[in-house]
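Student: I've got a model open and I'd like to know what stands behind the labels people put on it. Can we go through a few?

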Amino acid sequence: MDRRDAIISITSVLGYTVTPASIISLSGSCTKPEPRVSWSPEFFQKAGASIIERLGEAILPKTETPGSIGVGAHSVVDRFLKLVATVQVQQKCRLGRDHWTSV
C-alpha cells in the first residue's frame, strides 16, 4: 500500500476524533527539543513552528519525493493561520488542545 493511500485510510477511520491541536500537544509533551526553524514564521512562535515542521515531516516524510518540509507545507499552514483563519481559530491554535470544542 502506498503511504499516501495509508494516510487517507487512517484519517478516514479517525475522522475528527484527534484534532491537530491535540496532536501538536502530544508531540510537544514527549520531549522539549530546542526549536530550530530555518524560516521566519508569521503566526507561530519558533517553538510552535518547529513542532509544525516535525509533525508534517512525520506524516509525509521524504522518500524519493520531497517530504512535508521539502515542499514547505509548514509555511503554508503558518500563512493560512495568519491570513485566512478566523480570529476564533487563531486563538484556539494558540491556546492548545483543551480549547478545541468546535470550529
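Student: Where is the place of Gln90?

Tutor: Gln90 is in helix 6, residues 87-95. Keep in mind that this is a predicted model.

Student: Why does Gln90 count as buried?

Tutor: Buried means under 20% relative accessible area. Gln90 has 13% relative accessibility, so the label fits.

Student: And what does Gln90 touch, not counting residues up to four places away in sequence?

Tutor: Phe43, Leu81, Lys82 and Ala85.

Student: How do you know that the side chain of Gln90 reaches the backbone oxygen of Lys82?

Tutor: By distance: a polar contact needs N or O atoms within 3.5 Å, and here the Gln90 side chain is 3.3 Å from that oxygen of Lys82.

Student: What makes Glu42 and Arg79 a salt bridge?

Tutor: The cut-off is 4 Å between the side-chain nitrogen and the carboxyl oxygen. For Arg79 and Glu42, the closest N and O atoms are 2.6 Å apart, so they form a salt bridge. That pair links distant parts of the chain, with Arg79 in helix 5 and Glu42 in the loop between helix 2 and helix 3, 37 residues apart.

Student: Why is the pair of Glu42 and Lys82 called a salt bridge too?

Tutor: Their closest N and O atoms are 3.9 Å apart, and the limit is 4 Å, so this pair counts as well. Glu42 and Lys82 are 40 residues apart. Since the salt bridges share partners, Glu42, Arg79 and Lys82 are joined into one network.

Student: Why is Arg79 called partly exposed?

Tutor: Partly exposed sits between the 20% and 50% limits. Arg79 is at 41%, so that's its class. Glu42 at 36% is also partly exposed, and so is Lys82 at 39%.

Student: What makes the pair of Phe43 and Phe44 edge-to-face?

Tutor: The structure holds one aromatic pair. The ring centres of Phe43 and Phe44 are 5.1 Å apart, with the planes at 80°. Pairing needs centres within 6.5 Å, and edge-to-face needs planes over 60 degrees apart, so both conditions are met.

Student: Are those two rings' residues buried or exposed?

Tutor: Buried: Phe43 has a relative accessible area of 7%, and Phe44 has 15%.

Student: Last one: why is Leu83 called exposed?

Tutor: Exposed means over 50%, and Leu83 has 51%, so it qualifies. Leu83 lies in helix 5 and, with Phe80 and Val84, makes a nonpolar surface patch of about 300 Å².

How values were computed:
Residues numbered from 1 in each chain as written. Predicted model: local features only at pLDDT ≥ 70, side-chain atom pairs only at ≥ 80, totals over all residues. Heavy atoms only, no water. Patch = residues over 30% accessible without salt bridge, like charges linked within 9 Å, V, L, I, M, F, W, Y side chains within 5 Å. Areas by Shrake-Rupley, 256 points an atom, 1.4 Å probe, with all protein chains shown as cover. Helix = DSSP H or I, 4+ residues; strand = E, 2+ residues; numbered from the N terminus. Buried < 20%, exposed > 50% of the residue type's maximum accessible area, 1.4 Å probe, protein only. Polar contact = N/O pair within 3.5 Å; in protein donor to acceptor, adjacent residues only side chain to side chain. Contact = heavy atoms within 4.5 Å. Phe/Tyr/Trp six-rings, centres within 6.5 Å; stacked < 30°, edge-to-face > 60°.
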